[in-house]
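Student: I have a structure open and I'd like to learn how to read it, feature by feature. Can we talk it through?

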Amino acid sequence: MRKHCSILVLVFLYYSCLNDEKEIIINNTFKIESIDPNNENFSDLYFLKSLLTGKRIVFLGESTHGDGSTIEAKIRLIKFLHQELDFNVVAFEGSTV
């Protein structure tokens, strides 16, 4: 259900934007082929290299805790960041009891 809502919001935003804004969306949208954490063919993530080169910190968020698909995607992204861009520290939020 959430996937359909997200797509609907994106479609609405796309069609409600002015032409310049549509171009910005089109030019800054990239297709990710897989969220499978075992897929280490990172060619679909190479667009991130130019965006993240020289950066020291990357925040990976999530829409809700416990969303399995988001966790799988984040695992794959972390592998990419480590293997392709030499990021070497991962910090997770937590709480103290």
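**Reading the model together**

Tutor: Let's start at one residue: Asp-44 lies in the loop between H2 and H3. Keep in mind that this is a predicted model.

Student: Is Asp-44 buried or exposed?

Tutor: The way to read this is to compare the relative accessible area with a cut-off, and buried means under 20%. Asp-44 comes in at 8%, so it counts as buried.

Student: Which backbone nitrogen does the side chain of Asp-44 reach?

Tutor: For that kind of reading, look at N and O atoms within 3.5 Å of each other. The side chain of Asp-44 reaches the backbone nitrogen of Glu-33, at 2.7 Å. There is also a side-chain to side-chain polar contact, between Asp-44 and Arg-76, at 2.7 Å.

Student: And which residues does Asp-44 touch, leaving out those up to four places away in sequence?

Tutor: With that exclusion, Asp-44 touches Lys-31, Ile-32, Glu-33, Ser-34 and Arg-76. Ser-34 is worth a stop of its own.

Student: Okay, where is Ser-34?

Tutor: Ser-34 sits in the loop between helix H2 (19–27) and helix H3 (47–52). Its relative accessible area is 13%, so Ser-34 is buried. The side chain of Ser-34 reaches the backbone nitrogen of Asp-36 at 2.9 Å. Setting aside residues up to four places away in sequence, Ser-34 touches Asn-39, Asp-44 and Arg-76.

Student: Let me zoom out. How many helices and strands does the protein chain have?

Tutor: Four helices and zero strands. Going from the N terminus, the elements run α-α-α-α.

Student: What share of the residues counts as buried?

Tutor: Of the 97 residues in the protein chain, 16% do. On the surface side, the protein chain exposes about 8,200 Å², with carbon and sulfur atoms supplying 58% of that.

Student: How should I read contacts along the sequence?

Tutor: Take contacts between residues at least 6 apart in sequence, then ask what share spans a longer separation. In this protein chain, 64% of them join residues at least 24 apart.

Student: Now the rings. How many aromatic pairs are there?

Tutor: Read a ring pair by two values, the distance between centres and the angle between planes. The count comes to three aromatic pairs. One of them is Phe-30 with Phe-47: the ring centres are 4.1 Å apart and the planes are at 5°, so this pair is stacked. That pair links distant parts of the chain, with Phe-30 in the loop between H2 and H3 and Phe-47 in helix H3, 17 residues apart. Phe-30 has a relative accessible area of 40%, so Phe-30 is partly exposed.

Student: Why is the pair of Phe-42 and Phe-80 called edge-to-face?

Tutor: Planes over 60 degrees apart count as edge-to-face. The rings of Phe-42 and Phe-80 have their planes at 70° and their centres 5.6 Å apart, so they fit that label. Phe-42 is in the loop between H2 and H3 and Phe-80 is in helix H4, 38 residues apart, so to speak a link between distant parts of the chain. Phe-42 is buried at 2% relative accessibility, and Phe-80 is buried too, with a relative accessible area of 0%.

Student: Which residues form an aromatic cluster?

Tutor: Phe-42, Tyr-46 and Phe-80 form one. Over the face of Tyr-46 lies Lys-49, at 4.8 Å from the ring centre.

Student: What is the general idea behind a nonpolar core?

Tutor: In soluble globular proteins, nonpolar side chains tend to be buried together. Here the largest nonpolar core has eight residues: Phe-42, Leu-45, Leu-48, Leu-52, Phe-80, Leu-81, Leu-85 and Phe-87. H3 and H4 each supply at least two residues of this core, and the largest share, three residues, comes from H4.

Student: Which residues does core member Leu-85 touch, not counting those up to four places away in sequence?

Tutor: Leu-85 touches Leu-48, Lys-49, Leu-52 and Phe-80.

Student: And what about Leu-77: where is it found?

Tutor: Leu-77 is in helix H4. At 23% relative accessibility, Leu-77 counts as partly exposed. Leaving out residues up to four places away in sequence, Leu-77 touches Leu-45, Leu-48 and Leu-60. Leu-77 and Leu-48 are 29 residues apart in sequence, and their C-alpha atoms are 9.9 Å apart in space.

Student: Last one, a backbone angle. What is phi of Asp-86 near?

Tutor: Check the sign and the residue type together. Phi of Asp-86 is near 65°, a positive value in a residue other than glycine. Asp-86 is in the segment after helix H4 (68–85) and counts as exposed, at 63% relative accessibility.

Technical notes: Residues numbered from 1 in each chain as written. Predicted model: local features only at pLDDT ≥ 70, side-chain atom pairs only at ≥ 80, totals over all residues. Heavy atoms only, no water. Buried < 20%, exposed > 50% of the residue type's maximum accessible area, 1.4 Å probe, protein only. Polar contact = N/O pair within 3.5 Å; in protein donor to acceptor, adjacent residues only side chain to side chain. Contact = heavy atoms within 4.5 Å. Areas by Shrake-Rupley, 256 points an atom, 1.4 Å probe, with all protein chains shown as cover. Phe/Tyr/Trp six-rings, centres within 6.5 Å; stacked < 30°, edge-to-face > 60°. Lys NZ or Arg CZ within 6 Å of the ring centre and 35° of its normal. Core = buried A, V, L, I, M, F, W, Y, C linked by side-chain atoms within 4.5 Å.
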